[in-house]
Amino acid sequence: MGKRVKLSVIYREDIKAVYGSIVESDEIKIEFENTAVFENYDLIIYPCIKDDKREIFILQVKNISENVVEFIVSNNVTDIFFKNHYVEFFHDFTIKEFQENEKEKYNKMVTSLNISELNSTASRLKEVYSRDDVENRELISFLIDINAKIDEILYILKPKAEIEGGSSFKSIMLGEEGIFFISDKNIDKEEIMIYTTIRDSGGFFSFAAICRVYEFIKYGNYIIYKALFNNLNTDTEDKIIKYIFILEREMLKEATR
C-alpha cells in the first residue's frame, strides 16, 4: 500500500477530510475506501511533499475507476497557513468587522475574553496536572472530570458572550496561523475580530482574536476567506494548537477503523 495522504474536500458550505493511499504520485492517482465524496465537490485541497518541499495543490477529478481517483492540478497554492498544522473544522464563529478607529476597543475586548478563559478553573487544573513534579495526579484528574461536568451545565445556563453587530460564519479550517471561513458576501475590511466557543475532551474553551483577513478563492456563490491571527497571546495559541492535535488524532483513528 502506498503512502497515506489527506485531502480536504469542500462542497458548498461543508468540508471533509478524506484519507487515501497513493497509487501513482506523478499522475496523482489515489486509492480511497469510498469515492462518493468526489461525485459532488467544489474544491479539493491536497498538501503533499514534492522534491523535499511541501506544496499545496488545488485538484480536479479527472477519472474515477473503482476505488482509484485520478486528479489533475488546477492551481498551485503558496500560503503560510498550509505550512503549519491545520485541521478541517466546520464550526460556528462570530465575526465582527470594524473600522480602523475602533481597533483599540476590539483589542481590549479580545484581551478581556481571553483572560477570562485562561483564569477558568479548568485551565488552572490542567496547568497543575501538566507539571512533571505534581503528586496526586489521580485526584487532579478526578477534579478535572467533575469540573468538565460543571462546565457543561454552566455552558447551558450561562448567557453567551455576544459581540454587538457580529455575524455568524462557518469555519472550514482551524490552524496555528488562523482560520478559513466561508461567506456569501464580500468582507471589505482588512482586519476583523473573531470569537467562538469550542468543546474538547476537557470541557469548553473560548477564544477571541483580531485577524488580518484575505480572500483565498471564489467558487459558486461563495468566497473562502483566510483570517490570520494578529498578536495572539501565547497561552491562547497553545490551547488552539493542542486542540488541533487532538482533532487530528481523532480523525486519523476514525479513518483507520
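How many bridges join strand 5 (residues 53–65) to strand 6, and do the two strands run parallel or antiparallel? In this predicted model, 9 bridges join the pair, and the strands run antiparallel. The report below sets this pairing in the context of the chain, then turns to the cores and the aromatic pairs.

## Overall composition and confidence

The protein chain contains 4 helices and 12 strands. Of its 257 residues, 42% are buried. Among contacts with a separation of 6 or more, 62% are made by residues 24 or more positions apart.

The mean pLDDT of the chain is 84, and 79% of the residues reach 70 or more. Confidence is highest in strand 3, with a mean of 96, and lowest in helix 2 (residues 121–129), with a mean of 57.

## Strand pairing

Strand 6 (residues 68–77) is joined to strand 3 (residues 29–31) by 3 bridges in an antiparallel arrangement. Within that pairing, Lys 29 has Glu 70 of strand 6 as its bridge partner. Strand 6 is also joined to strand 5, where Leu 59 stands opposite Val 73. Strands 5 and 6 form a hairpin with 2 residues between them, and Glu 66 in the turn has a positive phi of about 55 degrees.

Strand 1 (residues 4–11) likewise has two pairings described here. It is joined to strand 2 (residues 14–24) and to strand 4 (residues 43–50). The hairpin of strand 1 and strand 2 has 2 residues between the strands, and Arg 12 takes a positive phi near 55 degrees. Strand 1 is mostly covered, with 6 of its 8 residues buried.

The pairings are listed below, each with a bridge partner or opposing residue.

| Strands | Bridges and direction | Residue pair |
|---|---|---|
| Strand 1 and strand 2 | 8 bridges, antiparallel | Val 5 and Gly 20 |
| Strand 1 and strand 4 | 3 bridges, antiparallel | Ile 10 and Leu 43 |
| Strand 3 and strand 6 | 3 bridges, antiparallel | Lys 29 and Glu 70 |
| Strand 5 and strand 6 | 9 bridges, antiparallel | Leu 59 and Val 73 |

## Two buried polar residues

Ser 8 lies in strand 1. Its relative accessible area is 0%, which is under the 20% limit, so Ser 8 counts as buried. The side chains of Ser 8 and Glu 88 are joined by a polar contact of 2.3 Å. Beyond its neighbours within four places in sequence, Ser 8 is in contact with Ile 15, Lys 16, Leu 43, Ile 44, Ile 45, Tyr 86, Glu 88 and Met 173.

Glu 55 belongs to strand 5. Its relative accessible area of 19% is also under 20%, and Glu 55 is therefore classed as buried. A polar contact of 2.8 Å joins its side chain to that of Asn 76. With neighbours within four places in sequence set aside, the contacts of Glu 55 are Tyr 46, Pro 47, Cys 48, Lys 50 and Asn 76.

## Nonpolar cores

The largest nonpolar core has 26 residues, of which Leu 174, Ile 179, Phe 181, Ile 192, Ile 194, Phe 207 and Phe 229 touch the most other members. Two or more residues each come from strand 7 (86–97), strand 8 (167–175), strand 9 (178–183), strand 10 (191–200), strand 11 (203–219), strand 12 (222–229) and helix 4 (234–255). Strand 11 gives the largest share, 5 residues. Apart from this core lies another, of 18 residues, including Val 77, Tyr 86, Ile 172 and Leu 228.

Ile 192 can be followed in detail. Not counting residues up to four places away in sequence, Ile 192 touches Ile 95, Lys 96, Glu 97, Phe 98, Phe 181, Ile 187, Ala 209, Ile 210, Cys 211, Val 213 and Ala 227.

## Aromatic pairs

The structure holds 20 aromatic pairs. One of them, Phe 81 with Tyr 86, is tilted, at 5.7 Å centre to centre and 40 degrees between the planes. Both Phe 81 and Tyr 86 are buried. The ring centres of Phe 98 and Tyr 106 lie 5.2 Å apart with their planes at 20 degrees; because that angle is under 30 degrees, the pair counts as stacked. Phe 98 and Tyr 106 are both buried. Ring pairs also link Phe 89, Phe 93, Phe 205, Phe 207, Phe 229 and Tyr 243 into a cluster.

Key. Residues numbered from 1 in each chain as written. Predicted model: local features only at pLDDT ≥ 70, side-chain atom pairs only at ≥ 80, totals over all residues. Heavy atoms only, no water. Pairing = 2+ DSSP bridges. Buried < 20%, exposed > 50% of the residue type's maximum accessible area, 1.4 Å probe, protein only. Polar contact = N/O pair within 3.5 Å; in protein donor to acceptor, adjacent residues only side chain to side chain. Contact = heavy atoms within 4.5 Å. Core = buried A, V, L, I, M, F, W, Y, C linked by side-chain atoms within 4.5 Å. pLDDT = per-residue confidence, 0-100. Phe/Tyr/Trp six-rings, centres within 6.5 Å; stacked < 30°, edge-to-face > 60°.
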